[in-house]
Amino acid sequence: MKIAILGAGNVGMALANGWAKAGHSIILGLKDPQNEKTSSLLKENITAKTTAEASAEADVILISLPVSATVSVLKEIGNVKEKIIIDATNSVFGKPDPYNNCFEAVKDITKCEKVVKCFNSTGFENMSDPVYGNLRLDMFAAGSSEEAKKIAVKLSEDLGFENCYDFGGDDKVDLLEQFAMSWINLAIVQKHGRDIAFKVLKR
Ligand SMILES: NC(=O)c1ccc[n+]([C@@H]2O[C@H](COP(=O)([O-])OP(=O)(O)OC[C@H]3O[C@@H](n4cnc5c(N)ncnc54)[C@H](OP(=O)(O)O)[C@@H]3O)[C@@H](O)[C@H]2O)c1
């Protein structure tokens, strides 16, 4: 797949590197692709363009921007109505005014219906390496577009996650952000450290 990554920081680069390794074609969407630091991000299957160019070229757009930058970036990337958009942000420490979360902002600003919340519920280290001993971690995806969720499942498998659980429709997006907040609470607030993760067990 051709995947634009808007927000090439901790999460964006963990996903970019994993997907590039799996053979996807990654286009980082940067503020200033000509910046001298850009070359350190590039490798086989990873190129860099502006946020608008990357979005136009890609089939799938992954948003891993700071919440505070998301609305303005969404307004500058042009027509992405027919793309698949994956929102990996968490509005748990601040809202993207006037929206409740970035998922709502994506749907309202782009009018895209194929939007899914995924890759938000665990730390970026777990996205780089979802293997704990002989267990592989699970991922979770919420949103009412089955087409977008199918892509999220495939991309989570390509990173090495075992299952990508269907968390429900658009009405479960807030809950998935609260689930992320539960990880943040345990890892950071309760000081268990960032090398912890959730796995669904069944019997
Ligand atoms: N950290 C985690 O473990 C984690 C896990 C799950 C979800 N999340 C969510 O994922 C999002 C990103 O978190 P992060 O930790 O990856 O943040 P981060 O390391 O600060 O990365 C954000 C990236 O966005 C770029 N950016 C900012 N404004 C931009 C703009 N206008 N155009 C293009 N790029 C822009 C930043 O570039 P500059 O540095 O040049 O400004 C930076 O590379 C957040 O919404 C967070 O809630 C984080």
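Helices here are DSSP runs of at least four residues, numbered from the N terminus, and with that naming helix H3 gives the most to the shell around the ligand, contributing three residues. The structure is a predicted model, and the description below moves from the ligand site to the packing of helices and then to two features of the backbone.

**Ligand site**

The shell around the ligand holds 23 residues, of which Val11, Lys31, Leu65, Phe124 and Arg194 come nearest. By class, this shell divides into ten nonpolar, eleven polar and two charged residues. Three polar contacts, each to an oxygen atom of the ligand, are listed in the table.

| Residue | Protein atom | Distance to a ligand oxygen atom |
|---|---|---|
| Gly9 | backbone N or O atom | 3.3 Å |
| Leu65 | polar backbone atom | 2.9 Å |
| Arg194 | polar side-chain atom | 2.8 Å |

Taken alone, the ligand exposes 890 Å², and the protein buries 69% of that area. The elements that give two or more residues to the shell are helix H1 (10-21), helix H3 (67-76) and helix H5 (124-128). Two of these helices, H1 and H3, also appear in the packing described next.

**Helix packing**

H1 packs against helix H6 (residues 146-159) at an angle of about 80°, with the two axes 9 Å apart. Because angles of 65 to 115 degrees count as roughly perpendicular, H1 is roughly perpendicular to H6. In this contact, Leu15, Gly18 and Trp19 of H1 meet Leu155, Asp158 and Leu159 of H6, and the residues involved divide into four nonpolar, one polar and one charged.

How are H3 and helix H4 (residues 102-110) arranged, and at what angle do they pack? Their axes lie 10 Å apart and the angle is about 10°, and H3 and H4 are therefore roughly parallel to each other. From H3, the residues Val67, Thr70, Val71, Leu74 and Lys75 meet Cys102, Ala105, Val106, Ile109 and Thr110 of H4. By class, the contact of H3 with H4 has seven nonpolar, two polar and one charged residues.

**Backbone features**

Most residues other than glycine have a negative phi, and most peptide bonds are trans. Against that background, two places in the model deserve a careful look. The peptide bond from Asp97 to Pro98 is cis, with omega near 10°, and Pro98 is found in the loop between strand E5 (84-87) and H4, the helix that packs against H3 at an angle of about 10°. Asn45, although it is not a glycine, has a positive phi of about 75°, and this residue lies in the loop between strand E2 (25-30) and strand E3 (46-50).

Notes
Residues numbered from 1 in each chain as written. Predicted model: local features only at pLDDT ≥ 70, side-chain atom pairs only at ≥ 80, totals over all residues. Heavy atoms only, no water. Near = heavy atom within 4 Å. Polar contact = N/O pair within 3.5 Å; in protein donor to acceptor, adjacent residues only side chain to side chain. Areas by Shrake-Rupley, 256 points an atom, 1.4 Å probe, with all protein chains shown as cover. Nonpolar A, V, L, I, M, F, W, Y, C, P; charged D, E, K, R; others polar. Axes fitted to C-alpha atoms, helices over the stretch in contact; angles between N-to-C directions. Parallel < 35°, antiparallel > 145°, perpendicular 65-115°, else oblique. Contact = heavy atoms within 4.5 Å.
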